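Work through the exercises below with the structure open beside you. Try each task before reading its solution.

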Amino acid sequence: MTNRILAPLLLIAAAAAADAEVIRIATRSIELTYMPDENGELIQIHFGLRDQAPQSPEQPKGPDSAGYGDPTAGSAYPGGGSVFVGKPAVSVRHADGNTSTVLHYLRHETTPEESGSLTRIELKDAHYPFHVDLMFRTREQEDIIEQWSVIRNGSDGEILLRDFASASLTFQGDENWLTHFHGSWANEMNIAESRLTAGTKLIENRYGTMGNLYVAPHFLLGLGGPVRENEGTVLLGSLAWSGNFALNFEVGLPGRLRVNAGIHPESSERHLPPGETFTTPRFIYTLSTRGAGEGSRRFHRWARKYGTRINGKPQFVLNNNWEATGFDFDEAKILDIIQASKDLGAELFLLDDGWFANGENARINDKAGLGDWEPNRERLPNGLKPLVDGAKSTGIEFGIWVEPEMVNVKSELYTNHPDWIVTQPHRPLSFRRNQLVLDMSRPEVREHAFRCIDETLKSAPGTVYLKWDSNSYMTHPGSSHLGPDRQSHLYVDFIHNLYQVMERVAEAYPDLTVMICSGGGGRVDYGSLAWFQQFWPSDNTDPLRRIPMQHAYSYFFPAATISSHVTHAGQRPPKFAFDVAMSGRLGMDLDPRKMPEEELATSKQGIEVYKTHLRDVVQFGDLYRLEAPGSGPRSSLNYVLEDRSKAALFAWQTADDESAAARTVKPGGLDPERRYRIEEVNVKPGDTSKLELHEQSRSGRELMEEGIKLPLARQFDSAVLLFTAH
Ligand code: DGJ
């Protein structure tokens with residue numbers, strides 16, 4: 001039983017440590033159980049299936065003289081400089097210089113919420129008025145736990161926070177396997193997998209911002225062996241933070257693993273004046289005993305409902321001009337592309353970079369203009385409004401690109417405010433893509449960022465979509481706004497203020513659809529996504545590369561959030577490009593004015609098929625990953641609507657394979673008892689389906705057990721199958 005069921009009203013359980021209170025953080029199927037030990041330290045005594053949680057656990061013993069506690073248990077939030085000698089969750093230099101932290105359980109309370117419960121466990125240092133509240137929000141149905149900490153200095157002197165993890169979890173056993181993600185520009189989200197052996201593995205981002213291009217704040221932890229798709233126990237965790245992070249995996253004692261997840265404490269020590277609190281970002285996680293697939297489906301359901309601003313709204317099929325025109329456009333050209341986009345079937349046109357700044361700062365390439373957000377008078381003499389009106393009159397919507405956190409030296413903004421950038425005295429300016437990062441810790445910059453978006457949208461009434469880009473990470477992390485003793489606050493204050501701008505935009509424009517982008521996939525995390533509906537995964541849009549990349553994102557992000565555009569990258573067959581892009585939030589970066597007839601026909605058909613048959617099931621269905629990219633010459637997945645009335649299967653031949661036709665693919669998640677009509681959709685215009693089961697019916701059980709033979713053999717062959725229950 002959860003506290004939610006036990007207590008319809010606020011439950012306050014004030015207990016001395018000796019009362020050996022059992023604290024249960026429970027969802028539908030998992031439970032994280034804590035209990036204070038004999039000395040009052042809070043101990044994690046269970047994390048696993050809820051029905052396997054101990055009913056009347058014995059109170060754990062305190063640490064022995066060597067500092068080792070009960071080997072079956074682990075401190076819930078170990079303090080540094082104490083008897084605990086591993087990587088601490090929290091460490092503090094107290095006002096008197098004492099560097100040890102010894103936290104004791106004080107009390108806890110659980111408040112029922114519509115979607116689960118909120119538990120606050122109060123810990124306090126044994127001597128100092130130093131407080132840590134461990135916070136847990138459960139999403140009961142989705143089996144997701146969101147955990148964070150609220151750290152408070154109750155003393156009358158300033159303290160220094162040196163470690164401040166969002167969560168610290170312990171696991172037992174020697175066979176723990178870590179899957180994490182790394183990359184570079186246009187090459188995001190490569191998968192790395194390794195067994196965790198004695199010592200520490202640190203997955204860290206030190207780029208300040210946009211670092212997700214290189215390292216992502218999400219991981220899978222196979223407990224008992226490597227991560228598998230449909231079997232085995234797996235922890236899936238994602239830190240909701242867009243700045244520096246540290247995911248620390250420490251195998252200290254044999255058979256004991258501690259996972260600390262949080263903001264990277266390095267170069268981010270926090271000075272905490274008397275009475276002040278510091279709140280860490282959320283670490284979001286689930287534990288699946290049915291492999292990664294089940295864990296991902298939980299994340300997707302959670303993200304669609306709570307983690308993003310999707311709110312059940314189908315996402316537009318849009319055409320963006322970036323890959324098609326780059327910086328080379330004017331009003332007439334854009335109006336022509338808008339018309340052609342409408343003719344193709346797009347529902348929205350998105351105008352990318354290059355529409356702003358004037359005179360010698362004109363944004364006609366990436367060397368100038370960032371910071372000056374007035375439309376360019378030569379290219380757009382009448383501003384943005386004629387473009388919005390033009391789009392509306394053709395019957396589609398309009399969206400616009402901005403990059404509010406950046407500046408070019410060639411801009412009025414920099415000329416007027418050279419002190420608004422992130423840099424340090426006595427160091428040369430350092431550029432990425434010819435631009436500098438604005439110092440978001442400065443209130444004027446925070447205001448500038450909001451105003452750039454607000455004024456742009458106000459100058460273009462009727463705009464319904466925004467692409468928010470950010471193309472440089474931070475170097476020389478200094479701020480002329482923060483005092484000399486507060487320079488280490490920059491990394492964190494930057495992100496806190498950035499989130500304030502994101503929240504303000506979301507509140508001011510509640511109906512706006514917003515895509516987060518950062519030089520490709522530099523900012524794909526649930527910290528930012530709380531204010532967005534979708535993200536740009538990568539500037540690499542070659543469908544052959546997008547298959548594994550989108551597969552990797554799919555461990556944590558639902559298809560509705562994954563912007564998946566058809567372009568000419570890689571010069572792949574148009575049908576293949578559509579069949580790949582249609583497995584996410586379909587869009588295009590195409591100039592339909594220049595497309596040959598055959599490609600036009602393929603594109604029109606793909607867009608129509610997506611809108612008519614696929615959008616609901618792709619964007620709101622449960623995902624089953626069937627054949628992983630790289631595991632063979634073919635890759636496939638399927639989506640199923642929650643009521644299992646409809647499913648869509650995507651299969652892509654990534655290499656030639658003469659024997660492919662003999663191999664079956666087995667869809668997942670169908671209702672075994674219902675019959676489904678099978679139809680191959682998006683068959684190349686002029687061709688007929690060669691699928692054996694085309695327009696036939698089979699039971700869900702037959703399809704899932706016997707599988708389906710696909711008419712694919714050559715690289716770039718692809719098929720999209722629709723299953724409709726009848
Ligand atoms: C980087 C983004 O990833 C691209 O899609 C495009 O918006 C460019 N920036 C524009 O400068």
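**Exercise 1. A loop asparagine**

Does N358 count as buried or exposed, and at what relative accessibility?

Solution. The model is a predicted one. Start with the place of the residue: N358 sits in the loop between β24 and α5 (385-394). Next, take its accessibility, which is 16%. The cut-off for buried is under 20%. N358 therefore counts as buried. Finally, look for a polar partner. A polar atom of the N358 side chain lies 3.1 Å from the backbone oxygen of P375.

**Exercise 2. An enclosed strand**

Find out how many residues of strand β3 are buried, and what that says about its surroundings.

Solution. Strand β3 covers residues 30-36. Seven of its seven residues are buried, so the strand is largely enclosed by the rest of the structure. Now separate the faces. In a regular strand, side chains alternate between the two faces of the sheet. On one side of β3 are I30, L32, Y34 and P36. On the other are E31, T33 and M35. Both faces are covered, since every residue in these two sets is buried.

**Exercise 3. The partners of β3**

Which strands pair with β3, and in which direction do they run?

Solution. Take β2 to begin with. Strand β2 (residues 23-26) is joined to β3 by four bridges, and the two run antiparallel. One pair to locate is A26, which stands opposite E31 in β3. The connection is a hairpin of three residues.

Then turn to β4. Seven bridges join β3 to strand β4 (residues 42-49), again antiparallel. Here M35 stands opposite I43 in β4. The hairpin of β3 and β4 has five residues between the strands. Within that hairpin, G40 takes a positive phi near 100 degrees.

**Exercise 4. The ligand and its shell**

Which residues come nearest to the ligand?

Solution. The ligand has 13 residues around it. Of these, D352, D353, K467, D469 and D539 come nearest. Sort the shell by character: four residues are nonpolar, three polar and six charged.

Now check individual distances.

- D352: an N or O atom of its side chain is 2.7 Å from an oxygen atom of the ligand.
- R433: a polar side-chain atom lies 2.8 Å from a ligand oxygen atom.
- D469: an N or O atom of its side chain is 2.6 Å from a nitrogen atom of the ligand.

Last, consider the cover. On its own the ligand has 300 Å² of accessible area, and the protein covers 98% of this.

**Exercise 5. Two open sheets**

What is the strand order in the open sheet of four strands, and which strands lie at its edges?

Solution. The order is β12-β19-β18-β15, with antiparallel pairing. The edge strands are β12 (167-172) and β15 (199-205), each pairing on one side only. Neighbouring strands in this sheet are turned by 10 degrees against each other on average, with direction ignored. For one pairing in detail, take β12 and strand β19 (residues 256-263). These two pair in the antiparallel sense over six bridges. A167 stands opposite A261 in β19.

Now trace the open sheet of eight strands. What is its order?

Solution. The order reads β30-β29-β28-β25-β24-β23-β32-β31, and the pairing is parallel. At the edges are β30 (534-535) and β31 (563-566), which each pair on one side only. Inside the order, strand β23 (residues 318-320) is joined to strand β24 (residues 348-351) by three bridges, and they run parallel. L318 stands opposite L348 in β24.

**Exercise 6. Positive phi outside glycine**

Where are R644 and N682 placed, and what are their phi values?

Solution. Take R644 to begin with. The residue is in the loop between β34 (634-640) and β35 (646-653). Its phi is near 60 degrees, a positive value in a residue other than glycine. At 34% relative accessibility, R644 counts as partly exposed.

Then take N682. This residue is in the loop between β37 (675-681) and β38 (696-699). Phi of N682 is near 60 degrees, also a positive value in a residue other than glycine. Its relative accessibility is 4%, so N682 counts as buried.

Methods
Residues numbered from 1 in each chain as written. Predicted model: local features only at pLDDT ≥ 70, side-chain atom pairs only at ≥ 80, totals over all residues. Heavy atoms only, no water. Buried < 20%, exposed > 50% of the residue type's maximum accessible area, 1.4 Å probe, protein only. Pairing = 2+ DSSP bridges. Near = heavy atom within 4 Å. Polar contact = N/O pair within 3.5 Å; in protein donor to acceptor, adjacent residues only side chain to side chain. Areas by Shrake-Rupley, 256 points an atom, 1.4 Å probe, with all protein chains shown as cover. Nonpolar A, V, L, I, M, F, W, Y, C, P; charged D, E, K, R; others polar. Axes fitted to C-alpha atoms, helices over the stretch in contact; angles between N-to-C directions.
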